[in-house]
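Q: Hey, can you walk me through this protein? I'm new to reading structures.
A: Sure, let's take a look together.

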Amino acid sequence: MSRWDERLAARLDELDAKGQRRSLRAAALMPHGRMVRDGREALDFSSNDYLGLALHPMLGQRAADYATLYGAGSGASRLVTGTHDAHLAVEARIAALKGTEAALLLASGWQANAALVPALVKAVPGAAVFTDRLVHASIHHGCAAAGVRQKRFRHNDLAHLGELLAAEADAPARIVLTESVFSMDGDRADLAGLAALAREHDALLVVDEAHATGVLGPGGAGLTHGIADVDIAMGTFSKALGGFGGYLACSQVMKDWLVNACGGFIFTTAPPPAVLGAIDAALDLLPTLDDARAHLLSLGAQLRAGLAGLRIDYGASTTQIVPAIIGDEEDALRMSAQLEARGMIAAAIRPPTVPAGSSRLRIALRAGHSAEDVDALLCALEACR
Ligand code: PMP
């Protein structure tokens, strides 16, 4: 073992001792809300393929068509020679979906978030940045990369945000970042209230729509649609849209700035044609999926009613993401393992991903699930709590 491998092995042993070591396991999505893991078919309550598009034949076919027509790779970064007509067409479609002037495609949702704040702060050095306490790790990463003094407001607490904004009235600019649907809680932000507050304090408002895009809003357009004071709607194609890639929907001037200043856009190879094909097909399908969206929300309501009956806390969830908040880390892990033994996958989510004392099973519903599947999950939860 090299000296570095010895050091790393010692750190991994420490994680092991605390029960915090993570490792990879192979799994494969299946239709009807199922997956195969370790060779066994199981009911899947952990993937984010909310609408079942990842396995939709139209996405696979168009990905294959684009790869055949345009190649497996895009050849260069966007600003050099990597911008194909298909990139511009997809960006125009995202802007139309989100009701913005323009949109920029990025390699992933992570990359969009991690690269955004550094690019904004490059335009206005010293800008004050405000984030909901529960925003995704990629947003925190972007704040750290930008070297900003990040001010965190209590989750969905507009009064607290208002106080923090007022205290930074002298900053050269203010940026507020939140999510429209929170990834570990399935609750929503008050976007109209946030937009009014941002306007009052002359702040830029950025909303992560990773878990809302495709599922909520008119035709699955997300929750920022029609809220004029949302300056940037970020999203991903890797969840309900069934493919891969991130986006920032914004004004044309903002897009032009990002093209000039966003390192995570400039210094990476353009997304490949197959990815664009899958996105294009998913955008074709999106307006036709109202029934799937309604079914998903009704499954959410059924699950929450069942959890209430079992006296299991589900927080403020109103969406297809429903946490079963267990509290203790060990209990959450044990329940997740017991569910798996019964053929159900519901990952335990622990600190630091969620606050201490709020370890949970994060239950993500898929439109392929039936009401019977949700009943089966509730029975299993009752048996193993
Ligand atoms: N934002 C949120 C809220 C997310 O949950 C995720 C995915 N975990 C991301 C951004 C990153 O998106 P992607 O998976 O496309 O990198």
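Q: Okay, among contacts between residues at least 6 apart in sequence, what share join residues at least 24 apart?
A: That share is 72% in this chain. Keep in mind that this is a predicted model.

Q: How many helices and strands does the chain have?
A: There are 14 helices and 14 strands.

Q: And what is the radius of gyration of the chain?
A: The chain has 21 Å. A compact globule with 385 residues would come out near 21 Å, so the two agree. Along its principal axes, the C-alpha trace spans about 55 × 55 × 55 Å.

Q: How much of the chain counts as buried?
A: Of the 385 residues, 50% count as buried.

Q: What domains does the assignment give?
A: Domain 1 covers 24-51 + 289-384, and domain 2 covers 57-287. Their C-alpha centres lie 27 Å apart.

Q: How many residues does each domain put into the contact?
A: Domain 1 gives 20 residues and domain 2 gives 17 residues. On the side of domain 1 that touches domain 2, the elements that give two or more residues are helix H12 (290-309) and strand S11 (321-327). The largest share there, 3 residues, is from S11.

Q: What sort of residues make up that side of domain 1?
A: They divide into 10 nonpolar, 7 polar and 3 charged.

Q: Switching topics: how many residues are in the largest nonpolar core?
A: That core has 118 residues. Among those with the most contacts inside it are Ile 175, Val 176, Tyr 247 and Leu 248. Helix H5 supplies the largest share of this core, 9 residues. The core also draws at least three residues from each of domain 1 and domain 2.

Q: Why would nonpolar residues gather like that?
A: As a general tendency, nonpolar side chains in soluble globular proteins are buried together.

Q: You mentioned Tyr 247. What does Tyr 247 touch?
A: Leaving out residues up to four places away in sequence, Tyr 247 touches Ile 94, Ala 103, Leu 104, Leu 105, Leu 106, Ala 112, Met 234 and Gly 235.

Q: What about the ligand, how many residues surround it?
A: There are 13 residues around the ligand. The closest are Ser 108, Gly 109, Trp 110, Ala 210 and Thr 236.

Q: Which helix gives the most to that shell?
A: Helix H5 (residues 109-123) does, with 3 residues. H5 also gives the largest share of the big core we just talked about.

Q: And how do the shell residues divide by type?
A: The split is 2 nonpolar, 9 polar and 2 charged.

Q: Let's zoom in on Leu 361. Is Leu 361 buried or exposed?
A: Leu 361 is buried, because 24 other C-beta atoms lie within 10 Å, and the cut-off for buried is 20 or more. Leu 361 is found in strand S14 (residues 359-364).

Q: Which residues does Leu 361 touch?
A: Not counting residues up to four places away in sequence, Leu 361 touches Ala 324, Ile 326, Ala 332, Met 335, Ser 336, Ala 346 and Ala 348. Also, the C-alpha atoms of Leu 361 and Ile 325 are separated by 6.5 Å, although these residues are 36 residues apart along the chain.

Q: Where is Gly 263 found?
A: Gly 263 is in helix H10 (residues 263-266). Gly 263 is partly exposed, with 14 other C-beta atoms within 10 Å. Gly 263 touches Ala 115 and Pro 118, again not counting residues up to four places away in sequence.

Q: Anything odd in the backbone? Which peptide bond is cis?
A: The one from Pro 351 to Pro 352 is cis, with omega near 10°. Pro 352 is in the loop between strand S13 (348-349) and S14. In general, most peptide bonds are trans, and most residues other than glycine have a negative phi.

Q: So what is phi for Asn 156 and Asp 202?
A: For Asn 156, phi is near 55°, a positive value. For Asp 202, phi is near 50°, also a positive value.

Q: Where do those two lie?
A: Asn 156 is in the loop between strand S6 (150-153) and helix H7 (158-167). Asp 202 lies in the loop between helix H8 (191-200) and strand S8 (203-208).

Q: And are they buried or exposed?
A: Asn 156 is buried, with 21 other C-beta atoms within 10 Å. Asp 202 counts as exposed, with 10 C-beta neighbours inside 10 Å.

Methods. Residues are numbered from 1 along each chain as its sequence is written. This is a predicted model: local features need pLDDT of at least 70, side-chain atom pairs count only at pLDDT 80 or more; totals for chains, interfaces and linings use all residues. A residue is near a molecule or strand if its C-beta atom, placed from the backbone, lies within 6 Å of it. Helices (H or I, at least four residues) and strands (E, at least two) are DSSP runs, numbered from the N terminus. Ala, Val, Leu, Ile, Met, Phe, Trp, Tyr, Cys and Pro count as nonpolar, Asp, Glu, Lys and Arg as charged, and the others, Gly among them, as polar. Domain bounds come from an automatic or database domain assignment. Two residues are in contact if their C-beta atoms, placed from the backbone, lie within 7 Å. A nonpolar core is a set of buried Ala, Val, Leu, Ile, Met, Phe, Trp, Tyr and Cys residues joined through C-beta atoms within 7 Å. A residue is buried if 20 or more other C-beta atoms lie within 10 Å of its own, exposed if 12 or fewer, and partly exposed in between; C-beta atoms are placed from the backbone. The radius of gyration is taken over C-alpha atoms; the globule rule is 2.2 Å times the number of residues to the power 0.38.
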